[in-house]
Amino acid sequence: MKNLLAFLNPDQLQAVTHRGSPLLVLAGAGTGKTRVVTVRIAHLLDRGECQPQEILAITFTNKAAGEMRERVNGLLGGEEVRGTAARIWIHTFHAFCARLLRREIHHLPEREREFVIATKADQTAILKRLIGPDRANEEPKASRVLSVISRAKNNLITPGSFPAHTSEEKRIKELFAAYEQELRETGALDYADLILLTVTLFHEYPDILDRYRGRFRHLLVDEYQDTNTAQHDLVRMLAGDGRNLCLVGDPDQSIYRWRGAEPENMLRFSEEFPDTRVVKLLENYRSTGNILKVANTLIAANPRPMGEDKDLWTKGESGAKLTVYAGPDEYDESGWIATQIFNSVHNRRENKYEDFAILYRTNAQSRILEDALRKRSIPYNIIADVRFYDRREIRDLLAYLRLLINPNDLLSFRRIVNVPSRGVGKISVNRILDEVDKDPGHLPDVVRRCIDQELIPPRARRAVERLMDLFDELTTRGGGVDGLLEELLERIDYTSWLQKSNDAVSRLENVEKFTDTARDFATANPKGSLEDFLEEVSLAAPIDDFDEQAGSVSLLTLHAAKGLEFPVVFISGLEEGLIPLTGRRGKRQADIEEERRLLYVGITRAQYKVYLTRALRRNLEGRKVYNKPSRFLSELPDPLLEDLSMRNLSIMSTTEDLIAVETETKKIKQTAKSVSFQLGDRVWHDKWGRGIILSRAGDGPNLKLTVKFARHGIKKLVAKYANLQKM
């Protein structure tokens with residue numbers, strides 16, 4: 001272990017070796033915080049200060065937790081200690097609470113160990129059903145209600161304590177109570193429940209809290225700036241006197257306030273534990289000097305509530321300047337990005353496709369970027385678009401598996417009772433559900449009674465009976481998750497049913513990927529149960545599917561990019577209204593500060609090169625909108641920027657400036673007949689965008705040009721009619 005410590009810088013060494021009082025590590029982007037956390041764990045074990053099972057390490061994604069386990073095993077080395085990390089509790093907040101509740105939730109009234117975890121899609125489906133299709137236009141949207149409920153639970157607010165003053169708030173309170181009741185009746189918990197109920201358990205049963213507080217002698221929590229009230233309370237309760245508590249975070253990377261995160265928790269921590277030791281990690285191992293200088297200048301415009309001086313620095317090279325580009329519209333902007341990537345890979349042979357990431361503020365921006373990449377045959381992968389486990393076919397299969405764990409899971413039963421189609425119509429389903437309402441909590445018995453008493457038509461009766469028999473058989477089946485899933489697919493003939501759908505190819509590919517996931521789980525967890533598998537996939541985040549070696553360009557939102565790094569980063573849409581995303585009514589100063597932090601996160605994802613792009617005009621909701629350059633561009637140091645914008649668009653700051661450029665462009669087009677076009681000239685066409693002249697024939701009024709356009713291929717044009725503009 002002495003050799004490992006030798007590779008730490010002085011600040012990292014302090015963070016790894018400090019003992020005896022709470023530790024707060026302010027870890028800037030790319031400063032090796034994962035190394036610090038994993039080496040601290042390995043150091044504790046190597047010195048015999050605790051046993052593996054006495055360590056609890058909490059992070060925010062399954063991907064990060066998995067990497068942490070691998071690193072700890074790698075640091076410990078030696079065959080005799082390999083697998084030690086498996087005994088350490090390294091989990092996300094939600095996975096930790098789910099594991100604890102499996103053991104202890106029965107202490108709470110009307111709660112059973114065999115709960116299922118309702119996904120966001122499940123939650124939305126419940127609320128849509130409670131609102132009802134007839135009142136969908138009069139009621140608050142299900143997505144809004146779910147957001148309010150989740151925020152309430154994150155603040156430890158239950159339906160009974162939910163404040164309601166306006167008519168909308170009173171209706172949301174009613175829906176909140178009905179939603180909770182349905183979750184209870186179906187034996188389900190949502191994501192927020194996992195933490196809320198753990199905190200509730202500890203409050204109501206101090207002896208259970210004492211037991212876990214005594215068990216976890218060392219507690220480490222990563223990304224603490226992203227914790228909400230419930231998570232902070234959970235950590236505070238487990239920490240006890242805090243002597244062996246280590247928190248790691250960076251207030252400058254707090255970008256999740258909109259979903260309940262409270263960066264003030266880091267400040268609260270220092271106030272609650274006055275003897276806290278604060279260690280700053282500022283030496284960056286990811287980005288070049290110029291990238292860090294730009295990022296430092298940007299984030300310096302935000303207040304520092306903890307008064308911290310946190311400029312990142314590196315011993316590495318200064319590197320290239322950041323490139324700024326502004327195109328006339330979003331089509332040109334996207335085409336320019338795609339061309340830079342294509343040229344780097346194929347012409348200059350500097351990079352591979354997986355080196356590039358294109359970041360944007362909203363998912364709506366991805367479509368045109370995708371078009372531009374497809375036109376150049378550039379492979380790409382969208383991260384965090386639709387969570388893999390939220391796809392229709394995967395939700396179907398998960399519903400079957402969940403019913404094997406919890407036969408009373410009404411959410412899942414509703415979903416699969418006629419999937420694949422087996423002749424069970426809405427009337428039959430509603431009759432069964434009416435009977436379930438009379439006797440909630442005994443779903444299998446109620447369904448069998450509907451069959452025996454012939455409450456549903458003969459065809460549906462036979463189909464439902466076969467379905468219930470199948471569940472009885474599979475419930476008693478031994479073997480691994482992979483074999484169970486394969487038998488299920490065969491017995492319900494699911495793939496044959498999918499082949500009749502319009503998008504059969506992609507859906508079948510997803511099913512195959514899901515079966516691969518089950519095989520991988522069975523291989524990695526020989527003793528893993530179906531319950532373990534369902535818990536793992538239920539708590540998976542979109543980023544957990546990210547593959548650095550996929551051989552494709554990554555497209556993702558700025559939020560989804562948190563925790564990742566790429567050699568080259570494009571950030572698209574540096575415009576007022578997008579970055580920062582202000583909306584029609586603008587935003588409070590606190591919101592602008594978070595948007596600035598979001599751009600800071602995007603810039604610090606890059607190792608060697610950053611491109612900041614925008615469009616002069618953009619189509620938004622069917623309207624052509626002229627956006628001003630992002631205010632953040634003016635905050636960046638000019639000497640470190642290289643402006644490749646067409647006609648120096650990036651310096652324009654008013655709508656009048658932009659319209660003036662368009663007027664000037666029209667005048668240029670009117671005189672284009674007299675322009676002399678030569679081979680290799682770069683030109684602009686109002687419909688087809690940017691292009692290059694490949695050949696010319698004739699002269700004067702008979703001049704004909706062959707032009708290769710970036711987005712529309714080769715066109716043959718008569719110069720005097722083409723309205724081409726030289727660039």
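Buried here means under 20% relative accessible area, and that cut-off comes up in several of the views below, all of them taken from a predicted model.

**View 1. A buried pair, Asp250 and Lys310, joined by a salt bridge.** Asp250 and Lys310 both count as buried. Their side chains meet with 2.7 Å from N to O. This pair links distant parts of the chain, 60 residues apart: Asp250 sits in the loop between β7 (245-249) and α12 (264-272), and Lys310 in the loop between α13 (289-299) and β9 (322-329).

**View 2. Arg211 reaches Glu104 in a salt bridge.** Here the closest N and O atoms are 2.9 Å apart. Arg211 belongs to helix α10 (residues 206-215) and Glu104 to helix α5 (residues 93-104), so the salt bridge ties together parts 107 residues apart in sequence. What about exposure? Arg211 is partly exposed, at 43% relative accessible area, while Glu104 is buried, at 6%.

**View 3. Arg631 and Glu576 form a salt bridge between two loops.** The closest N and O atoms of this pair are 2.7 Å apart. Arg631 comes from the loop between β15 (623-626) and β16 (641-643), Glu576 from the loop between β13 (566-572) and α25 (589-603), so parts 55 residues apart in sequence are tied together. Arg631 is partly exposed, with 34% relative accessibility. Glu576 has 19%, so it falls under the 20% cut-off and counts as buried. Elsewhere, Lys33, Asp222, Glu223, Asp226 and Lys562 are joined into one network by salt bridges that share partners. If you're keeping score, the whole structure has 52 salt bridges.

**View 4. Helices α18 and α19 cross at roughly 130°.** The axes of α18 (residues 426-438) and α19 (residues 443-452) come within 9 Å. With that angle, α18 is oblique to α19. The crossing is right-handed. On the α18 side, Ile432, Glu435 and Val436 make the contact; from α19 they meet Leu443, Val446, Val447, Arg449 and Cys450. Sorted by class, that gives six nonpolar residues, two charged and no polar ones.

**View 5. Helices α6 and α7 pack at about 115°.** The axes of α6 (residues 120-131) and α7 (residues 142-154) are 9 Å apart, and α6 passes α7 in a right-handed crossing. From α6, the contact uses Lys120, Gln123, Thr124, Leu127, Lys128 and Ile131; α7 brings Ala142, Val145, Leu146, Ile149 and Ser150. The mix is six nonpolar, three polar and two charged residues.

**View 6. Two cis peptide bonds, each leading into a proline.** The bond from Val419 to Pro420 is cis, with omega near -5°, and Pro420 is in the loop between α17 (410-416) and α18. The bond from Ile579 to Pro580 is cis too, with omega near 10°. Look for Pro580 in the loop between β13 and α25.

**View 7. Ser377 and Glu454 have positive phi without being glycines.** Phi of Ser377 is near 55°. Ser377 lies in the loop between α15 (366-375) and β11 (380-382) and is exposed, at 63% relative accessible area. For Glu454, phi is about 55°. The loop between α19 and α20 (458-475) holds Glu454, which is exposed with a relative accessible area of 54%.

Note on methods: Residues are numbered from 1 along each chain as its sequence is written. This is a predicted model: local features need pLDDT of at least 70, side-chain atom pairs count only at pLDDT 80 or more; totals for chains, interfaces and linings use all residues. Side-chain values use heavy atoms; hydrogens and water are left out. Axes are lines fitted to C-alpha atoms, for helices over the stretch in contact, and angles run from 0 to 180 degrees between N-to-C directions. Helices (H or I, at least four residues) and strands (E, at least two) are DSSP runs, numbered from the N terminus. Angles under 35 degrees count as roughly parallel, over 145 as roughly antiparallel, 65 to 115 as roughly perpendicular and the rest as oblique. A crossing is left-handed if the near helix is turned anticlockwise from the far one by less than a right angle, and right-handed if clockwise. Contact means heavy atoms within 4.5 Å. Ala, Val, Leu, Ile, Met, Phe, Trp, Tyr, Cys and Pro count as nonpolar, Asp, Glu, Lys and Arg as charged, and the others, Gly among them, as polar. A salt bridge is a side-chain nitrogen of Lys or Arg within 4 Å of a carboxyl oxygen of Asp or Glu. Buried means under 20% relative accessible area, exposed over 50%, partly exposed in between (1.4 Å probe, protein chains only).
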